[in-house]
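Let's walk through this structure together, one topic at a time. Keep the 3D view open as you read.

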Amino acid sequence: MEINGIWSAWRCFSKNPELATRVLMNTAGATVRESNPVRYVLDLEKAGYLEDTRTLAVATAALYTLAFAVMYLFIYLTYGALWF
């Protein structure tokens with residue numbers, strides 16, 4: 001994975017977050033349960049996404065992790081001041 005692939009994956013996430021989340025869930029689901037990964041690749045091609053699906057899944061997971069960490073940090077640091 002190179003940095004340009006991650007930036008293009010985040011660009012795809014900003015255009016269509018539902019598609020990127022579906023790629024993440026299908027990629028994680030394909031490793032957990034034995035399913036046919038060709039089905040969701042064909043769905044992605046119909047939706048217009050022809051880039052690397054693994055890079056998109058990893059970048060989407062990193063983006064969700066970053067968003068969750070920032071949200072948790074905000075709640076943790078402002079608990080005493082804002083949450084009474």
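A helix here is a DSSP run (H or I) of at least four residues, and helices are numbered from the N terminus. With that in hand, you can place threonine 53: it sits in helix α4. Keep in mind that you're looking at a predicted model. The chain has 5 helices and 0 strands, so read along the sequence the pattern is simply α-α-α-α-α. Out of 84 residues, 23% count as buried.

**Helix α4, end to end**

- Helix α4 covers residues 53–77.
- Its 25 residues should span 36 Å at 1.5 Å a residue, and the end C-alpha atoms are indeed 36 Å apart, so the two values agree.
- Which residues of α4 are buried? They are Thr53, Thr55, Leu56, Ala57, Ala59 and Thr60.
- Take threonine 53: its relative accessibility is 18%, so it counts as buried, because the cut-off for that label is under 20%.
- Threonine 53 also has alanine 20 at 8.9 Å, C-alpha to C-alpha, although 33 residues separate the two in sequence.
- Now look at leucine 77, which is in α4 too. Leucine 77 is exposed, with a relative accessible area of 60%.

**The nonpolar core**

- The largest nonpolar core has 11 residues: Ala9, Cys12, Phe13, Leu19, Ala20, Val23, Leu24, Leu44, Leu56, Ala57 and Ala59.
- Three elements each give two or more residues to this core, namely α1 (3–15), α2 (17–32) and α4.
- The biggest contributor is α2, with 4 residues.
- Alanine 20, the partner of threonine 53 in that 8.9 Å distance, is one of the core residues.
- Leu56, Ala57 and Ala59 are worth a second look, since you'll find them both among the buried residues of α4 and in the core.

**The nonpolar patch on the surface**

- On the outside, Phe68, Met71, Tyr72, Leu73, Phe74, Ile75, Tyr76, Leu77 and Leu82 form a nonpolar patch.
- Together, the patch residues have about 1,000 Å² of accessible area.
- Where does the largest share of the patch come from? It comes from α4, which supplies 8 residues.

**A pair of tyrosine rings**

- The count of aromatic pairs comes to 1.
- Why is the pair of tyrosine 72 and tyrosine 76 called stacked? Their ring centres are 6.3 Å apart and their planes meet at 15°, and planes under 30 degrees apart count as stacked.
- Tyrosine 72 and tyrosine 76 are 4 residues apart in helix α4, so about one helical turn separates them.
- Tyrosine 72 counts as exposed at 52% relative accessibility, and tyrosine 76 is exposed as well, with a relative accessible area of 58%.
- Both tyrosines belong to the nonpolar patch described above.

**The salt bridge**

- Side chains of opposite charge can pair when their charged atoms come close.
- This structure holds 1 salt bridge.
- Glutamate 18 and arginine 22 form it, and their closest N and O atoms are 3.5 Å apart.
- Both residues are in helix α2, 4 residues apart, which is about one turn of the helix.
- Buried or exposed, or something in between? Glutamate 18 is partly exposed at 48% relative accessibility, and arginine 22 is partly exposed with a relative accessible area of 31%.

Notes:
Residues are numbered from 1 along each chain as its sequence is written. This is a predicted model: local features need pLDDT of at least 70, side-chain atom pairs count only at pLDDT 80 or more; totals for chains, interfaces and linings use all residues. Side-chain values use heavy atoms; hydrogens and water are left out. Rings of Phe, Tyr and Trp (its six-membered ring) pair if their centres lie within 6.5 Å; planes under 30 degrees apart count as stacked, over 60 as edge-to-face and the rest as tilted. Buried means under 20% relative accessible area, exposed over 50%, partly exposed in between (1.4 Å probe, protein chains only). Patches are made of residues with over 30% relative accessible area and no salt bridge: like charges are joined within 9 Å, nonpolar side chains (Val, Leu, Ile, Met, Phe, Trp, Tyr) within 5 Å. Accessible areas come from the Shrake-Rupley method with a 1.4 Å probe; for residues, only the protein chains shown count as cover. A salt bridge is a side-chain nitrogen of Lys or Arg within 4 Å of a carboxyl oxygen of Asp or Glu. A nonpolar core is a set of buried Ala, Val, Leu, Ile, Met, Phe, Trp, Tyr and Cys residues joined through side-chain atoms within 4.5 Å. The expected span of a helix is 1.5 Å times one less than its number of residues.
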